[in-house]
Amino acid sequence: MRHRLAAMVAVVALSSLCTAGRTASDWLPVTPQDLQIKEVPNRPGDGAIQLYFSYYKDDDRRFLKVYRRIKILNEAGKKYADVEIPVGRYDSFNEVKARTIRPDGTAVEFHGKVFEKTIVKGRGVKDVVRTFTIPDVTVGSIIEYRYTLQLPQGFVSKITEWPIQSDLFTVHEDLRFRAYQGVVMTALERASAAPKSRVAYAYLNQVDVRVPQKKKDNLMELELDNVPPFEAEEYMPPAADYRPTLLFYYGGRETASPDKFWAEWQKALSKYVDKFTRDSREVHDAALQAIGSETDAEQKLRKIYARAQQIRNLSYERERTQEEYKREHIKESNSAEDVLKRGYGIAWDIDATFVALARAAGFDATMLGVSDRSERSFNKKVLSLSVLDGSAALVKINGKEVVLDPGTRFCPYGMLPWKRTKTKALRFGKDAGWEFISTPPPGISPMHRTATVNVSADGALKGEVTVELRGQEALEHRIEALDTDEAGRRKSLEEEVEAWLPNGAVAKMVDSSGWEAEDKPLVARFHIDVPEYASVAGKRLIVPAYLFSTLQKGMFTAASRRYPIVFPYPFAESDEVTIKLPAGYSIEQPPYRRKAGLSFANYEIQSIVGEHQLATKRSLRFKEMRFPPEQYDELKNFFKVVLAGDGGQAVLHAGGD
């Protein structure tokens, strides 16, 4: 079952298509200049340079051809000999051609095997790639490969994206796209007696003055020279917000302008939503039963929210084939009444059913199509409903508007998943208008860690750690856990805790609780073992007072910043670490107390010497999540204090000397 909005435009039908030839073109000649290149212009130290890149997607003859030529400049660049080629679910992968051109100009052809590999990118999202290694690659070699994908017949993708910028400096690029030349049926054109197709494009973050040119046979082409690499920075917004991106998309009359596109779709989807959420005896009775004798407005809405979340959520179950849906008698719902009768639905169905129940109880409620800011910030120039791939409900209560999302499993009342916060949403209702609104920002997500450990005279450390998560942290962990079993969940948490600890640490989970209770913290307890925690120096032990690492070791070390600094959501860390001393040792020197404060953040760490133990309390709190590059120095200096405080050490002394 597909997302409701995506289902209306996800796949477009074609008439019969001809098949593209499968023979790739010959290799391009290697010039003396190619062999003589020693470094990237104005970028000494880069591991490789892309001499040529060609990307040709033909929706009319149903193929995609790619050609890459890369020169290896130093040892770091040899990693480009390991190639991964993404392949769509229904694409047919043709034989790849690859070779190595040695520094003396002789060539070594690739005759090895190509393997299939599945990459898990997130909940329910898996990519299949073909992978292989190009042989005999040394510094000074040129590697190149080309391949053809045969695209599935009868359908075209909603959007074609040209990969303009990579992680390598590119000397020359040749990008081409040919749209399907017949009629592409889109949702808004299906009722038309004479449907028409058009292909529009959006060019975001344009790299230079050149734009696509129409060539013979409706071929769109763009040639570029000296394209710089994209250099990501830690804690930056989605890279897609800054990469040059050219998107081609099919549509009808609605693609004449962004305003027309969103106005047309808002109108069409509002009719669909109103039909889905229409009142009925089933919906009315369910609302009354959920509310019971409650008279307070907010408590009524909370009870309706809880009722909606009781519906079986198919979006968080394993992916099924159409045959499995039929075998299990799972049907697509066309109304909130269907959802309530059957007791199941996808996330969109549950949000819409909540809206129907709220309306039946007298609330002013409507559906929202919500964008996802984790991969790309919303841009209304991208004319595709896929950018509104989430849903939520907007409800007026006690003179205020609240945004709620019972369709996200484990999502507490009053909270949205972080990727749906502080982003754009479109209201669906006949009187709503098509203007976008902003969803509320996320609240602070707290994490509390306590550790009670013993350090021995040889520097080893053992003990227990308890982790308590709330807010976005708890929600993310609960949702991720749905993809695995008990053993997988345990392993994932153990690896997460080990990443906070010094190298060589081992964490074993003792128990955990709160996985199903979204209104309670998620708690997990671990036994930890760190073989070389403290340093032995004669009769002294040098012991780190704080057990856990900062957000990211070595963060914010660059001299300057190009992009904004972004955390997914505001956060608060509060930690208590109690280290019990080895027998015969006393504290000669505790670590310094450190403290730093900004208008949007504060940090404090201090250690207290007790009876044969050292107790350290530490807090780090960020009330904001996005900062312009101009604030980089301020953040950098703040985290210098954090790193210094977290790196504080206590000196222990053995005996009375």
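Here is a short walk through a few residues and salt bridges of this structure. What you see above is a predicted model, so every value below is computed from that model.

Let's start with D274. You will find this residue in helix α3, which covers residues 258–276. Is D274 buried or exposed? With a relative accessible area of 28%, D274 is partly exposed, because that value lies between the 20% limit for buried and the 50% limit for exposed.

Now look at what surrounds this aspartate. If you set aside the neighbours within four places in sequence, D274 is in contact with R359 and K430. Y344 makes a useful landmark for distance: it sits 70 residues from D274 along the chain, and the C-alpha atoms of the two are separated by 20 Å.

The contact with R359 deserves another look. The side chains of D274 and R359 form a salt bridge, with 3.8 Å from N to O. This pair links distant parts of the chain, as D274 belongs to helix α3 and R359 to helix α8 (residues 347–360), 85 residues apart. R359 has a relative accessibility of 29%, so this arginine counts as partly exposed.

How many salt bridges does the structure hold? There are 45 of them. Some share partners, and in this way R312, E317, R318, R320, E324 and E328 are joined into one network.

Two other salt bridges can be found by turning to residues 58 and 61, and then to 59 and 62. In the pair of R61 and D58, the closest N and O atoms are 3.3 Å apart. R61 is partly exposed at 33% relative accessibility, whereas D58 is buried at 0%. In the pair of D59 and R62, the closest N and O atoms are 3.2 Å apart. Here both partners, D59 and R62, are buried.

Our last stop is S445, in strand β25, which runs over residues 445–455. Why does S445 count as buried? Its relative accessibility is 3%, and buried means under 20%, so S445 falls in that class. Which residues does S445 touch, not counting residues up to four places away in sequence? Among them are R470, G471, Q472 and E473. S445 also touches Y569, P570, F571 and A572.

To look back, you have met a partly exposed aspartate, D274, whose salt bridge with R359 links helix α3 to helix α8. You have also met a buried serine, S445, in strand β25.

Key. Residues are numbered from 1 along each chain as its sequence is written. This is a predicted model: local features need pLDDT of at least 70, side-chain atom pairs count only at pLDDT 80 or more; totals for chains, interfaces and linings use all residues. Side-chain values use heavy atoms; hydrogens and water are left out. Helices (H or I, at least four residues) and strands (E, at least two) are DSSP runs, numbered from the N terminus. Buried means under 20% relative accessible area, exposed over 50%, partly exposed in between (1.4 Å probe, protein chains only). Contact means heavy atoms within 4.5 Å. A salt bridge is a side-chain nitrogen of Lys or Arg within 4 Å of a carboxyl oxygen of Asp or Glu.
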